[in-house]
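Open the model in your viewer and switch to a cartoon view. The tour below says what to select at each stop and what is found there.

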Amino acid sequence: LNDPDMMFEITKINADAKEGEDNKIQGAKFTITSAIEENGNITEVGTETTTKETDDKGYTETSVGSPYAGKTVIYTIKEEKLEGYNQLDDIILKVIYDANGNVMDYKILSDEKDVVIQADSTKTISKRVIGESDIPGLVEISATTITIPTGRQSRILQLIVNNTRESLEND
């Protein structure tokens, strides 16, 4: 059974960018840890994921492991300090999974100025399907496009992380 992992897609932007200026931040890295919340108690589960650096579009994605079906999970996203930008406080998200391991609900527990969760939507991905053909020894490759949900009822949260430049003069 192919049970997909929970994915975080992060886009890092410069909140100080002026209109028309490219606001995407390249080179940001995040470490994500998870803990299970039960009856007000929080138990670390010992999983730690570090993302690749954000690309020139400010984008990175990572699996945060299998979803915790029927559980409430607290994810803490720590950013590695990025030169020229202020250190971000930890981003803390509470994600409630349904019995099937899909996101039922989520809430930002940290400062909401630092992160936006994209509204529930869909994304389109292209998949290459490799299959047998009728001719022996020939492999058929076809491309198919599928639309998958993000946000609630899915296993993908799309986050936009805001950051500001360090000021050069001492305030």
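Begin by selecting β5 and β6, two strands that pair in the antiparallel sense over six bridges. Within this pairing, Thr76 stands opposite Ile92 in β6. Keep in mind that the model is a predicted one.

**From β6 to β7**

Now add β7. Strand β6 covers residues 91-97 and strand β7 covers residues 103-108. Five bridges join these two strands, and their pairing is antiparallel. To find one facing pair, select Tyr97, which stands opposite Val103 in β7. Next, show the turn of this hairpin, where five residues lie between the strands. Which residue in the hairpin of β6 and β7 takes a positive phi? Gly101 does, with a value near 85°.

**From β5 to β2**

Go back to β5 and select strand β2, residues 30-38. β2 and β5 are antiparallel partners, with eight bridges between them. One residue to pick in β2 is Thr31, and its bridge partner in β5 is Lys78. Color β2 by accessibility if your viewer can do so: seven of its nine residues are buried, so the strand is mostly covered.

**From β2 to β3**

Select β3 next. The pairing of β2 with β3 is antiparallel and runs over seven bridges. Here Glu38 stands opposite Asn41 in β3. The hairpin of β2 and β3 has two residues between the strands, and Asn39 takes a positive phi near 50°.

**The five-strand sheet as a unit**

Show these strands together. They make an open sheet of five strands in the order β3-β2-β5-β6-β7, with antiparallel pairing. β3 (41-50) and β7 stand at the edges and have a single partner strand each, so one side of each is left without a neighbour in the sheet. From one strand to the next, the twist averages 25°. For looking at any strand with side chains shown, a general point helps: in a regular strand the side chains alternate between the two faces of the sheet.

**The four-strand sheet**

Hide that sheet and select β4, β1, β11 and β8. These four strands form an open sheet in the order β4-β1-β11-β8, and the pairing is mixed. Which strands are at the edges of this sheet? They are β4 (59-63) and β8 (115-117), each of which pairs on one side only. Neighbouring strands here are turned by 25° against each other on average, direction ignored.

Now zoom in on β1 (residues 7-14) and β11 (residues 156-163). These strands run parallel and are joined by eight bridges. Select Lys12 to see one such link: its bridge partner in β11 is Val161.

**An aromatic pair**

Show the side chains of Phe8 and Tyr75. A search of the whole structure finds one aromatic pair. Its ring centres, those of Phe8 and Tyr75, are 5.0 Å apart and the ring planes are at 70°, so the pair is edge-to-face. Phe8 lies in strand β1 and Tyr75 in strand β5 (residues 72-79), so the pair ties together parts that are 67 residues apart in sequence. Are these two residues buried or exposed? Phe8 counts as buried because its relative accessibility is 0%, and Tyr75 is buried at 0% as well. The cut-off for buried is under 20%.

**The largest pocket**

Turn on a surface and look for the largest pocket, which holds about 310 Å³ of space. Its lining has 14 residues, and those nearest the pocket centre are Pro4, Asp5, Ile148, Arg155 and Ile156. The elements giving two or more residues to this lining are β1, β9 (121-132) and β10 (139-150). Color the lining by class to see six nonpolar, three polar and five charged residues.

**A stop in β10**

Stay with strand β10 and select Thr150, which is found there. Thr150 is buried, with a relative accessible area of 1%. Then select Lys123. The two residues are 27 apart in sequence, and the distance between their C-alpha atoms is 6.9 Å.

**The whole chain**

Finish by showing everything. The chain has 11 strands and zero helices. Of its 171 residues, 37% are buried.

Terms used
Residues are numbered from 1 along each chain as its sequence is written. This is a predicted model: local features need pLDDT of at least 70, side-chain atom pairs count only at pLDDT 80 or more; totals for chains, interfaces and linings use all residues. Side-chain values use heavy atoms; hydrogens and water are left out. Two strands pair if DSSP finds at least two bridges between them. Axes are lines fitted to C-alpha atoms, for helices over the stretch in contact, and angles run from 0 to 180 degrees between N-to-C directions. On a 1 Å grid over the protein atoms alone, a cavity is a set of points where a 1.4 Å probe fits but cannot get out, and a pocket is an open set with protein on both sides within 12 Å along at least five of seven lines; lining residues have an atom within 4 Å of a point. Grid points are joined across faces, edges and corners, and a volume is the space filled by probe spheres set on the points. Ala, Val, Leu, Ile, Met, Phe, Trp, Tyr, Cys and Pro count as nonpolar, Asp, Glu, Lys and Arg as charged, and the others, Gly among them, as polar. Rings of Phe, Tyr and Trp (its six-membered ring) pair if their centres lie within 6.5 Å; planes under 30 degrees apart count as stacked, over 60 as edge-to-face and the rest as tilted. Buried means under 20% relative accessible area, exposed over 50%, partly exposed in between (1.4 Å probe, protein chains only).
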